[in-house]
Amino acid sequence: MQDILFYIFAYLALQFGFLVVANPFSRNPVTSAMFLVLTIASLAGLFVLLHAFFLAAVQVLVYAGAVMVLFLFVIMLLDLRAEERERLRTFEVVAGLISAGAILFIFLATLVHSPPGIQQSPTAEGGTIALGRLLFSHYLLPFEIVSVLLLVAMVGVVLLSKKNLK
Amino acid sequence: MTPFSQFAIFSAIKIICVFAVTMFIVAYAVWVERKVSAAIQDRHGPNRVGPFGLLQPAADAVKAFLKEDFTPAHVRKVYYWLAPAIVMIPSLLTIAIIPFGSQLGHQKMVIADLNVGVLYTFGIVSLGVYGIVLAGYAANSKYPFLGGIRSSAQLISYEIAMGMSVIPVFLLVGGLNLSQVISYQTGSIFHWLIFKCPLSFIIFLVAMFAETNRLPFDLPESEQELAGGYNVEYSSIKFALFFMGEYAAVTAASAMLVTLFLGGWTLPIAGLDRPAATLGVGILQILIFLAKMLVVEFMVIWIRWMWPRFRYDQLMDLGWRRFIPLALANIVVTALVLCLVVK
């Protein structure tokens, strides 16, 4: 049962992900964004199968619910017709392939070096308390660094959106 | 019978019952809305179909289905069809985790007793904006589009305030599970979280109005400026679905409010705050939950006819510069008090 569900969600995630970047039926950015929402939803399904309910819920809440809505918001305010007419350029294809390849390399290198997961009997717990403890003890430094990173991004956005810079 | 098939059968029964009751409430919320508005404005309201106009929802449904379903030529077809369906789904999914009673026999009266309960709710609620945004985009014309854009900005803003307003609740309860929240509120009426975190309650209540697009925050469909907003290009049952979606959202939000702040299915008298031992008490507790929920829903309808609409900049100002700082302060103060008192 779990295996079948895993293959279904994994297939859906890959299929929707493909449709985000290369949809044969439409070059409409809004359609791409909607397929990205579906990709995120399929990933949340995979998290549920790993019994990471908290991650699954946060995945939907933050990415599908907030980030993608902002994406849609911006896309709708852009001039979409120019975007739909645009052809693929060689430079863009090469740059895209290089960055995707680099990320793939990092993933594979990490996978090879990490030991396989310990067989634990999965529980149906959300485990927010355990997660909170880990974040504030073992992973405190990375956690705080991420928050500084977010703060930097936020200050940058505020600065960029000011019209008159002096 | 294996435990799995037993689980599947009982879940299916619960899902069908909850869906039926929700749809019934949605249909009659429209009737109540029209009667209440009539009373407030010194009119009669619907009184032709059946006694007191009680069959009006059925007549409306027949009318919606039989009207011509006209699709304007300039719309984006796929999204035009998808949007009304997407509007309904989130509210129905939210209801799945609300404990609407203690137990009947050995069955817990909740469809899915999730440990990350409220996070799931907020995740699903945040998806609710897609229906309206896509409806605005699908229409491919000015006013619906503006309605869609407005609603996405409004929903994102108030989602933050709403999410942060309930954090003190979970600090007190010590978990995200909604059954746990209810068992925390037993014992005395002053254990209800409305008395323990009144500020959370107020922010949640206001954000609830904004999230369900009800007056005084119904900016996405403000008739005077947007000629109706995101639903301008719709007709027939697709148009009706937007309204059913709105009332389903109000019902889900009322159920959530009752669960979080008003003690859920409990009453602090005659042992009604303990899980039911007999079938009769179990049914009584479901009725208590429904009664509380309907009172909240009645209040939501009542407020609609008492308040003028906010201006868009006032709405944003209230959300970002009043409620978010207030909710943050609320979290910090609650955490401090808990830290000092518990230690």
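What radius of gyration would a compact globule with 343 residues have, and what does chain B have? A compact globule of that many residues would be near 20 Å, and chain B has 21 Å, which agrees. The radius of gyration is taken over C-alpha atoms, and the globule rule is 2.2 Å times the number of residues to the power 0.38. The C-alpha atoms of chain B fill a box of roughly 65 × 50 × 45 Å along the principal axes.

This is a predicted model, in which local features need pLDDT of at least 70, side-chain atom pairs count only at pLDDT 80 or more, and totals for chains, interfaces and linings use all residues. Residues are numbered from 1 along each chain as its sequence is written, while chains are lettered from A and ligands numbered from 1 in the order in which they are written.

Chain B has 14 helices and 2 strands; helices (H or I, at least four residues) and strands (E, at least two) are DSSP runs, numbered from the N terminus. Within chain B, the axes of helix α3 (residues 77–95) and α4(B) come within 8 Å and cross at roughly 170 degrees. Such axes are lines fitted to C-alpha atoms, for helices over the stretch in contact, with angles from 0 to 180 degrees between N-to-C directions. The crossing makes α3(B) roughly antiparallel to α4(B), a term for angles over 145 degrees. On α3(B) the contact is made by Pro90(B), Leu93(B) and Thr94(B), and on α4(B) by Thr121(B), Ile124(B), Val125(B) and Leu127(B). Contact requires C-beta atoms, placed from the backbone, to lie within 7 Å.

Turning to the two chains, 16 residues of chain B are in contact with 17 residues of chain A. On the side of chain B that touches chain A, α4 (117–127), α5 (129–139) and α6 (142–165) each supply at least two residues. The largest share, 6 residues, comes from α4(B).

In chain A, the 25 residues of helix α3 (residues 53–77) should span 36 Å at 1.5 Å a residue, and the end C-alpha atoms are 35 Å apart, which agrees. The expected span is 1.5 Å times one less than the number of residues.

Methods:
Parallel < 35°, antiparallel > 145°, perpendicular 65-115°, else oblique.
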